[in-house]
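Me: I would like a close look at one part of this model, namely the aromatic rings and the nonpolar surface around them. Please keep the reasoning explicit, and set that part against the chain as a whole.

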Amino acid sequence: MLFRRRQQISYLTKLRELLWPRRGFLRSFQYLSKRILRLSATPHAIAAGVAAGVLSSWTPFIGLHFLLAFAVAYLIAGNMVAAALGTAFGNPVTFPFIWAATWEVGHRLIGKGSPTTQSVDLEKRFSIGAIESMWQPILKPMLIGAIPLAAVSGIIVYCVIYFTVAKFQTRRRERLAERARARLAEALQGSSI
């Protein structure tokens, strides 16, 4: 093989790097941010796409986040790649916090009081397998609680991404124009000699 390791890593090392990467999670965050900044679209399209991904990550429908992000991005004229990258907001590290927040806010908005006073037998609900058995005690409060949280985080993410991308694209255009002027000046100097 062309790109094979000289010394194979052990399964224990592979497992450790799966749970906690060698270079940390900061590298993944930096990669996503660079990927978003370098998309070739308008600042609105990129910001709307990322906001659509963040909005969909708040919903309790785990397998449908990409589809929801694409639908919302289409409705608000967002970039589909940015929407897919925006769904990275919901990940195994953030999902417990997202679910707890949507559960708490949903119960408060419905008016049932604190959800800690009620108990839900999740094993029984999942063994039945019908969505009707999970709708009232689980999905409805989480979906209702997701609406205000998604709206607030979507607006914040949109504003931050819009201004960041606009500034990045302006600086990039200026650098490219400067290089073009330098090449033109160099070509004119070379032709006059």
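Reply: A residue counts as buried under 20% relative accessible area and as exposed over 50%, with partly exposed in between. The model is a predicted one, and that scale can be applied to its aromatic residues one by one.

The setting comes before the detail. The protein chain holds eight helices and zero strands, and of its 193 residues 28% are buried. Among the contacts with a separation of 6 or more, 69% join residues 24 or more positions apart. The accessible surface is about 13,600 Å², and carbon and sulfur atoms account for 66% of that surface.

Searching the whole structure gives five aromatic pairs. In one of them, the ring centres of phenylalanine 66 and phenylalanine 70 lie 6.3 Å apart with the planes at 35°, so this pair is tilted; stacked would have required planes under 30 degrees apart. The two residues are four positions apart in helix 4 (residues 65-75), which means that about one helical turn separates them. Phenylalanine 66 has a relative accessibility of 47% and therefore counts as partly exposed, and phenylalanine 70, at 31%, is also partly exposed.

Phenylalanine 95 and tryptophan 99 make up an aromatic pair that is stacked, with 5.2 Å from centre to centre and 5° between the planes. Both of these residues belong to helix 6 (residues 95-110), where they sit four residues apart, or about one turn of the helix. Phenylalanine 95 is buried, because its relative accessible area is 12%, whereas tryptophan 99 has 33% and is therefore partly exposed. Elsewhere, ring pairs link Tyr158, Tyr162 and Phe163 into a cluster.

The tilted pair leads on to the surface, since a patch takes in residues with over 30% relative accessible area and no salt bridge. Phe66 and Phe70 both belong to a nonpolar surface patch, together with Leu64, Leu67, Tyr74, Leu75, Ile76 and Met80, and the accessible area of these residues together is about 850 Å². Helix 4 is the element that contributes the most to this nonpolar patch, with five residues. Leucine 75, a member of the patch, also lies in helix 4, and with a relative accessibility of 70% it counts as exposed.

In the part requested, then, helix 4 carries the tilted ring pair of phenylalanine 66 and phenylalanine 70, and both of those rings are part of the nonpolar patch.

Key:
Residues are numbered from 1 along each chain as its sequence is written. This is a predicted model: local features need pLDDT of at least 70, side-chain atom pairs count only at pLDDT 80 or more; totals for chains, interfaces and linings use all residues. Side-chain values use heavy atoms; hydrogens and water are left out. Buried means under 20% relative accessible area, exposed over 50%, partly exposed in between (1.4 Å probe, protein chains only). Contact means heavy atoms within 4.5 Å. Accessible areas come from the Shrake-Rupley method with a 1.4 Å probe; for residues, only the protein chains shown count as cover. Rings of Phe, Tyr and Trp (its six-membered ring) pair if their centres lie within 6.5 Å; planes under 30 degrees apart count as stacked, over 60 as edge-to-face and the rest as tilted. Patches are made of residues with over 30% relative accessible area and no salt bridge: like charges are joined within 9 Å, nonpolar side chains (Val, Leu, Ile, Met, Phe, Trp, Tyr) within 5 Å. A salt bridge is a side-chain nitrogen of Lys or Arg within 4 Å of a carboxyl oxygen of Asp or Glu.
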